[in-house]
Amino acid sequence: MFDYSGKHVIITGAAAGIGFGIAKCFHDAGANVSIGDFRPDALDNALATFDPERSFGYTVDVRDEEMVGTFFYDAEQGFGPVDIVVANAGVIPSAPVVDMTVDEWDRVLDTNAKGTFLTCRAGARSMLANNTSGKIITVSSIAADAARTDASHYCASKAAIVQFTKSLALEMSKHGINVNIIKPGYVEVESEVSPLSEEYKEVTRQGIPLGRPGRPEDIGNMALFLASDYADHITGESFVVAGGASAGRANLPPAQP
Ligand SMILES: NC(=O)c1ccc[n+]([C@@H]2O[C@H](COP(=O)([O-])OP(=O)(O)OC[C@H]3O[C@@H](n4cnc5c(N)ncnc54)[C@H](O)[C@@H]3O)[C@@H](O)[C@H]2O)c1
């Protein structure tokens, strides 16, 4: 459906989970993909599944300004100026406010919010320097709108991504660069960095009207659309991919006895 041959796509947090799914969607649509992640072994495993001629991997911690800059520089040495950036890297933590340490708050905000800022800034700078009518996509969450317990830092970080992305979209609008947000609902991945409890998974699954959790490629498919010409007149917007979970509650018993 989409042909990204010759396009250079940079994706963070792409060694596993949703980021890998997004990278695979672009790779399978013909793109050159540069994937960054802070776990080199996982990165190697991910790269082994891609065409070596059309993929590049780099160990990068998105919290580190210098590393993000070097990642973009090296990726562009290989595949030329970036056309599409997906700022996906993130952590999904769990802690009630009263037990939360400042270090934990900082880890989550630094990874999810600052990491998104640094990635998008690198992408926007490159697109401006190269006169590229590019696309930038950030990965927030339905938790940006629907708060949940034990995740105040996560919800705050994902809401920050939304307002950051909208501001960036306005700044980039006169340059023909589109900037949009994907808000996934629950996507079932076997995360080594942010493992979720079986109890949490089961309760969350039950709240999905379409009857199944998201898959990484569900998010990848939305990214393919947002990075395409079909989305040329869309910027500063959020797109929920959640199997109906943000619409309301389904599968309730009859209200009347
Ligand atoms: N899985 C879900 O249900 C869900 C729902 C909504 C939003 N999201 C968002 O989707 C994104 C991906 O989450 P996922 O579920 O695939 O998690 P995941 O843990 O499976 O994958 C995240 C990847 O990001 C990498 N990463 C983490 N911190 C990093 C850092 N500082 N620098 C570089 N790489 C780093 C990890 O190594 C990992 O490979 C996150 O932003 C998350 O908040 C996930």
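I started with strand 6, residues 178-184, and checked its burial: 7 of its 7 residues are buried, so I logged the strand as mostly covered. I keep in mind that this is a predicted model.

Next I sorted the strand by side. N178, N180, I182 and P184 point one way from strand 6. V179, I181 and K183 point the other way. Both sets are buried, K183 included.

Then I looked up the neighbours of strand 6. Strand 5, residues 135-139, pairs with strand 6 in the parallel sense, and I count 5 bridges there. For a register mark I took I137, whose bridge partner in strand 6 is N180. I followed the chain between these two strands: it leaves strand 5, passes through helix 5 (residues 152-172) and enters strand 6. I noted this β-α-β crossover as right-handed.

I turned to strand 7, residues 238-241. Strand 7 runs parallel to strand 6, and 4 bridges join them. My register mark here is K183, which stands opposite V240 in strand 7.

Last entry: the ligand. I list 31 residues around it. Which of them come nearest? I find G13, G17, I18, G90 and S191.

I also asked which helices supply at least two residues of the shell around the ligand. Helix 1 (17-28) and helix 4 (102-129) each do. Helix 1 gives the largest share, 3 residues.

I closed with the make-up of the shell around the ligand: 16 residues are nonpolar, 11 polar and 4 charged. Glycine goes under polar in this tally.

Technical notes
Residues are numbered from 1 along each chain as its sequence is written. This is a predicted model: local features need pLDDT of at least 70, side-chain atom pairs count only at pLDDT 80 or more; totals for chains, interfaces and linings use all residues. A residue is near a molecule or strand if its C-beta atom, placed from the backbone, lies within 6 Å of it. Helices (H or I, at least four residues) and strands (E, at least two) are DSSP runs, numbered from the N terminus. A residue is buried if 20 or more other C-beta atoms lie within 10 Å of its own, exposed if 12 or fewer, and partly exposed in between; C-beta atoms are placed from the backbone. Two strands pair if DSSP finds at least two bridges between them. A crossover is right-handed if, with the strands pointing away from the viewer, the path from the first strand over the helix to the second runs clockwise.
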